[in-house]
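Colleague: Could you take me through the spaces inside this model, one after another? I would like a close look at what lines them, and a word on anything else that catches your eye.

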Amino acid sequence: MADTRTGADHLAELAGLPRERVEVAYVGAEERVFEPGWSPAEPFTVLFVGKLIPLHGVETVLAAARAAPELRFRLVGSGQLDSLVRERPANVDWIPWVEYERLPEELHRAGCALGIFGTSEKAKRVIPNKAFQALACGTPLVTADTPGARELLVDGESALLVPPGDAQALAEALRGSPPTRSWRSDSPPEAAPPTRLMRAKIVLGRRWRELIEQAVARVIRPRALLWTAVGAYAAGSQRSPSCATEPSRPAASTSGTWCSRSGRRRTATRSRSRACAATRSPGSARTSTRSSPPSRRSGSSGRARTCCS
């Protein structure tokens, strides 16, 4: 399972699997939390939400803030790159934590939201969850131009796409020149149809149900065939006397006794020295209460025999 087609291609190549064996389901956003309502406050503020990790390209965001000191930036989150944010420029506000249910409020009043700008191979394959959340709120999105992003986003229509790790290009996109960007007006850009669909709960639910049913079918069908074969074999065994599972007791005319524990016939012997060692070690053997048939040689009858377990 992968969250983009680019990621699915990578997983299939990495595992040596046919591409059709790796399914794709986009992340989407929770509509119960993230709803349309973009109403940017003044002054125009650039919002970054997420973990401060290399994948998100925090250093690129800070460099863009230094290149565009007239813009206000608001960073929400914490992580391993906290030290970079502590040395942030004056036009950057840092809020280490905001409750999940309050994130829509941040998105609704932001001028635009930032995606990720890392330059790693993983960054090229993903569409971050916060990108879907921003689009679900109707907030203009600016993110890196990657193969993963291109699967759903169209530059200048559903988002502004800039080269990964390019702080100057990010600053120019946020300034709106060149050319002047209409997304800085009172109305956000119309989201591309695939993006609107992928954030709908009913569409994501249908997709996950389809994938789960396919996975279950791959497991249950072979097992069903196996149990059918086992049932047929068992039915044939009941009709065939040669498939009896319990050994037959020896005929009454044979010499020796039948051991109820081991299921084997013990041959009688007259020599006491050849008797079971259990007769010399109390507790390690038991005496059978079954009487053996009369011996043909001695004519004795009803004499108890001993056997080992």
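Modeller: Happy to; below I go through the cavities, then a pocket, then a helix pair and a peptide bond. Please keep in mind that this is a predicted model.

Let us begin with the enclosed spaces. The structure has 2 cavities of 30 Å³ or more. The largest cavity has a volume of about 80 Å³. Its lining is made up of Leu 47, Phe 48, Val 49, Leu 103, Leu 107, Ala 113, Leu 114, Lys 130, Gln 133 and Ala 134. Four elements give two or more residues each to this lining: β1 (45-49), α4 (103-109), β4 (112-114) and α6. By class, the lining of the largest cavity holds 8 nonpolar residues, 1 polar and 1 charged. The charged one is Lys 130 and the polar one is Gln 133.

The second largest cavity has a volume of about 40 Å³. Around this cavity you will find Ile 116, Ala 123, Val 126, Ile 127, Pro 128, Thr 143, Ala 144, Thr 146, Ala 149 and Leu 153. Its lining counts 8 nonpolar and 2 polar residues, with no charged ones. The polar pair here is Thr 143 and Thr 146.

Now to an open space, the second largest pocket. About 350 Å³ of space lies in this pocket. Its lining has 18 residues, and those nearest the centre are Val 49, Gly 50, Lys 51, Val 76 and Leu 103. Val 49 and Leu 103 also appear in the lining of the largest cavity. Helix α6 (residues 129-137) gives the pocket lining its largest share, 3 residues. In this lining there are 9 nonpolar, 6 polar and 3 charged residues.

Next, a pair of helices. The axes of helix α2 (residues 58-67) and helix α8 (residues 167-175) come within 8 Å and cross at roughly 60 degrees. The two helices are therefore oblique to each other, and α2 passes α8 in a right-handed crossing. On the α2 side the contact involves Thr 60, Val 61, Ala 63, Ala 64 and Ala 67, which meet Ala 167, Gln 168, Leu 170, Ala 171 and Arg 175 in α8. The residues of this contact divide into 7 nonpolar, 2 polar and 1 charged. Thr 60 and Gln 168 are the polar ones, and Arg 175 is the charged one.

Last comes the backbone detail. Glu 42 and Pro 43 are joined by a cis peptide bond, with omega at about -5 degrees. Pro 43 sits in the loop between α1 (5-15) and β1, and β1 is one of the elements that line the largest cavity.

Note on methods:
Residues numbered from 1 in each chain as written. Predicted model: local features only at pLDDT ≥ 70, side-chain atom pairs only at ≥ 80, totals over all residues. Heavy atoms only, no water. 1 Å grid on protein atoms, 1.4 Å probe; cavity = no way out; pocket = protein on both sides within 12 Å on 5 of 7 lines; lining within 4 Å. Points joined across faces, edges and corners; volume = space filled by probe spheres on them. Axes fitted to C-alpha atoms, helices over the stretch in contact; angles between N-to-C directions. Parallel < 35°, antiparallel > 145°, perpendicular 65-115°, else oblique. Left-handed = near helix turned anticlockwise from the far one by under 90°. Contact = heavy atoms within 4.5 Å.
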